[in-house]
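Work through the exercises below with the model open beside you. Try each task before you read its solution.

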Amino acid sequence: MKWLRVLLHLYVLLCLATGVFAQDADGDLERQIEVLKNFYEKQLVGTDALKSVLPESWLQEGLDRDLARQQMEVERTKLQASQLDAASMERHERLLELKLRWLYFKADERQSLLNEARTRQLVQENQSEASQNLARAHREVEESVAQQKSVDKALADTHDEREKRLLSILLEMEKNLEWIAQQRAVVAKAQSSLSDAAQQWLQTKTAIENALEDENFLPGTQNFSAYRTSLAERLQTSNDWVRSQESFIRAIFGSEYQVEWPYALLSVQLRDGDSEALRALVDAIQQKRVVLHTEQDQVQRQRAELITQWIDWQRQYRQQLITLRSELISEVINSSTYALNSTLPLKLELSTLSAGSAFYLWREDFKRSNQYRSRKAFTFNMLNDFVKGLLVTAFLVWLLYRRKNVLNRLQTWLRAPSLPLKWRRVTMAVYDLCHYLYVFVIVIILGHLLISLMVQSGFQAANLLSPLLNHVLIFFLLFGFVNFLSPLLSQRSYRQKRALEEVQAMEKIFEFFPKVYLYYWLISGSVSLLLLQVLQRNLLDFYFANVLVLLFFSGLFIAVWWDRKNWRLINNIASQSALWKRITEKAQGKFWEPAVLVVGGGLGVYRVAWRVLSERFIEHELTRRFQAMVSRALLERQYRRSAARVNPGWFPEKYWRAFHFQTPAVDDWYVSREESEQILENFYRAWQEEEEFARILLCGDRGIGKSEIIAKFARSRDVPVLHTQLLAGDQDVAEVCARFGLDLFNDANLNAAELIEKLTALPPQILCIENLENCMLRRVGGFDTFAFVNDFILEASTRHFCLATCTSHAWSITRRALVGIDNFSETPFVKGMTEKQLKAMLLNRHRSSTEHSPDFSHLNLTENKTYFDRHLADKESNNKGEELYFRILWDYTRGNPRQALYYWKASLNWKGDHSSVRLFEVPEQKVLENLPDNTLMLLAALIEHNGLDEQSLAQVMNVSTTNIRRRIEELRPYGIVYLQSVDQGKNAWHIESFWTRAVEGYLEKRQFLFRGESQ
């Protein structure tokens, strides 16, 4: 295939780049091909030969990452491909196919092949060394016996005491050399035994692997039972061998391993009177001593190396045993042929766990104590890692122990008043998530770091904790999300009339099933992960999981019985069937009541949650606005709308006064605005108790209710109130001073210094300055008066509690025009009323002005045709029409009280004492769309400044007054603007109430207006 050939060529370049193979001789290529073929066929190929063909990194973990790094060098070596001739290229491609075959294997398959190669190399090396050592041992024994006979004869012939003593020492050394040779023979026999055991295991392993690939190899067959028994016996034998150091070594070398060499190294020196024979005898003893030490050291080294080989092979052998046995157990479990009454497999697995732990501990102790292996020095880095591990552990424990304090500090920091309102909402959402996922965040940050430090310090067994840590992390993540979703599902923040007990019961029952299952999943998963790493697939895990399921259901039953009060509450709320209620009542106090409660309460909690969420969704602002938009469109098509303008002659005089926007709201009319009122209350309390400066600026759209909030706040205080209001056109400092002096001290001739002096002389009072937008003019130098008013409030706040109001549009412009103008303690943005508040405000005014209730029955989306429908209309249509009307009114006015008062009057139709409510007319959007941009800019200026005269408009728009008159005349035919007398002969242009909402919405859409942070 073409793509495979391209891949092969690329791989050739890769091999050239990384030195996998260079331009080798043809014989070397053939040798490498032969090595790989024998390796895949599981013939005798050692790892040393394999390393000469494959890169050493390929024989380790991280193969894919290593290849990814090597591929980056391909582009730099493309020119080297032309150096290969056609014949060599063909052999390279053959070798490449064999190498790519290695890459296609999975990690466990590669490891299995490597273990096979290591075992075969172990067999070959030990067979060769065993034969050599055994032959050498026999030769040395024969030589030592001959030497002993010679020394015995010389000892019998001599009469010199010194010579006898030297000959005795020499005879003892020869005996020791014989014993060392015998020990060498023991080592050789152990090497042969290891080779035979490995060879036998290769045959058994190959037979089992071939049987596993046979589709007829099924549980219950003779071969299957024989292999399963064989593996169990081998594993049990291995467990007996490795249970302790003594039994394991004795199984290799026998009981003579513990025998000490019976000789003492004596100090033999030449003397002055020694003869030549004695001198030769002393030299022979000293030479024998060197040989003795050398042979002794060599045999000990061979023994230690053989023990290390036995340990490594035993570890590999046990792992292969467990792997093959787990495959057989998988077949047993999958075919459901396991015997529940058999305890032997469980005992074997418990024995394997115990022996595996003892084997690991003894192996590590042997490696540390073995003098022939290099010891790892205790370095500063190890000490550093150890100290880091202690610190991380201590910090983790401290964070978990001080959880409440840490979260409280975080909450205090996130709720800092210096943060803008939008950011406070975002940060509190982040806090809620951190609150529920606290343990997960701490463990994921510090858990992996702690394991990494343990591994770096030499505790390789800590790697076994990584899968368990990930399992625990998933548990805490899901557990935190359940806690996070529970209040959302129960709508705790919006429970309104629902009892707190009902909300708590919903949350407990909703959390019950997920949390119980999570605990079950945590326990069973943790045990399974640990057993899987040690025993792989095993019956111990299988039986444990089944027993845990029984315990899970038992615990479920007990937990429901313990918390039956909440379950009964949810069951009674959710159940609508009389039959089910009778069943529930009959089950109370019975042992089977939890089963009924699980069905009724467990399913009922989701029914209750669905009902609560549905109600919440229906009452959501977006849902209600969409419903209002659709309803208004349908009503506009079905019914004739009322008149577009409001005439005072249509209403009784008392009613007109009650619904005029300039009429102050009495206590019976006032609707509480809790958020803004609470801010004023908090700062007022701090001003009185702690004598803190307080300057509050209420921002919001025109008619949103800022003045009503201040008036209500001032009426409920015992402190005297100073009140002033800037009018449209108060854009000169002298005019503002005159306004302040007249309203506050009944003296219009006071200057700024005199005003401050008089205010300072007064006792602490509440100072209210409304409509700051009227002293601002959007032009060069037009913000000086606003800056003066701000400085005036700063001076007054040193003694008085200062309140001010400004529109959102004007405040957004002023903040950007004057640097440092925002010196207020708090700038709350007053939002529109909710649908419920708007409805209460209008109906309260209506009830106080007339005894007749308004008729909403005309506002229906369907016509009543039958008698039943007419009867139903008498009962319900008025309530439905009332709900529909106020939703439409709230949606169109965005909760603005002033606009709502206007459109309420536009909706009423008076006939004597009877008043009926119809759908109000709204302005035509096309009128605004046809206006030029300069005219739209004029409308934006009127909204931003809350009304302007012609001269001020000309300054703002930088045009002549004649141009302004033309623009105004363009608007007057549509009734968009009107002229109002302000004060002392001043006239200002304003936007009609009928057009205010439409103009604001269109200008914001066209980006002629900007509300700032109020949005």
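The exercises cover salt bridges, a strand and the nonpolar cores.

This is a predicted model, in which local features need pLDDT of at least 70 and side-chain atom pairs count only at pLDDT 80 or more, while totals for chains, interfaces and linings use all residues. Residues are numbered from 1 along each chain as its sequence is written, and side-chain values use heavy atoms, with hydrogens and water left out.

**Exercise 1. Salt bridges of Glu295**

Task: Find the salt-bridge partners of Glu295 and say which helices are linked.

Solution:
- Step 1. Apply the criterion: a side-chain nitrogen of Lys or Arg within 4 Å of a carboxyl oxygen of Asp or Glu. The structure holds 20 such salt bridges.
- Step 2. Take Arg136. Its side chain meets that of Glu295 at 3.1 Å, N to O. Arg136 lies in helix H6 (residues 107–157) and Glu295 in helix H10, so this pair ties together parts 159 residues apart in sequence. Helices (H or I, at least four residues) and strands (E, at least two) are DSSP runs, numbered from the N terminus.
- Step 3. Take Arg184. The salt bridge between Glu295 and Arg184 has an N to O distance of 2.2 Å. Arg184 sits in helix H7 (residues 161–212), 111 residues from Glu295 in H10.
- Step 4. Check burial. Buried means under 20% relative accessible area, exposed over 50%, partly exposed in between (1.4 Å probe, protein chains only). Glu295 is buried at 11%. Arg184 is buried at 0%. Arg136, at 22%, counts as partly exposed.

**Exercise 2. The surroundings of Arg325**

Task: Is Arg325 buried or exposed? Which residue forms a salt bridge with Arg325?

Solution:
- Step 1. Locate Arg325: helix H10, residues 276–334.
- Step 2. Read its relative accessibility. The value is 9%, so Arg325 is buried.
- Step 3. List the contacts (heavy atoms within 4.5 Å). Beyond its neighbours within four places in sequence, Arg325 touches Leu231, Leu235, Pro345, Leu348 and Glu349.
- Step 4. Pick the charged partner. Glu349 forms a salt bridge with Arg325, with the closest N and O atoms 3.4 Å apart. Glu349 belongs to helix H11 (residues 344–369), and the two residues are 24 apart. At 1% relative accessibility, Glu349 is buried.

**Exercise 3. Strand S4 and its partners**

Task: Describe how strand S4 (residues 801–807) is enclosed and paired.

Solution:
- Step 1. Count burial. Seven of the seven residues are buried, so S4 is largely enclosed by the rest of the structure.
- Step 2. Sort the faces. In a regular strand the side chains alternate between the two faces of the sheet. Here Phe801, Leu803, Thr805 and Thr807 point one way, and Cys802, Ala804 and Cys806 the other.
- Step 3. Find the pairing (at least two DSSP bridges between strands). S1 (residues 695–700) runs parallel to S4 and is joined to it by six bridges. S3 (residues 766–770) also pairs with S4 in the parallel sense, over four bridges.
- Step 4. Look at Ala804. Its bridge partner in S1 is Leu697, and Ile769 stands opposite Ala804 as well.

**Exercise 4. Nonpolar cores**

Task: Which residues of the largest nonpolar core touch the most other members?

Solution:
- Step 1. Define the core: buried Ala, Val, Leu, Ile, Met, Phe, Trp, Tyr and Cys residues joined through side-chain atoms within 4.5 Å.
- Step 2. Read off the residues. Of 57 members, Tyr885, Leu889, Leu939, Ile976, Val977, Ile991 and Val999 touch the most others.
- Step 3. Turn to the other core. Apart from the largest one lies a core of 34 residues, among them Val736, Ile769, Ala804 and Trp811.
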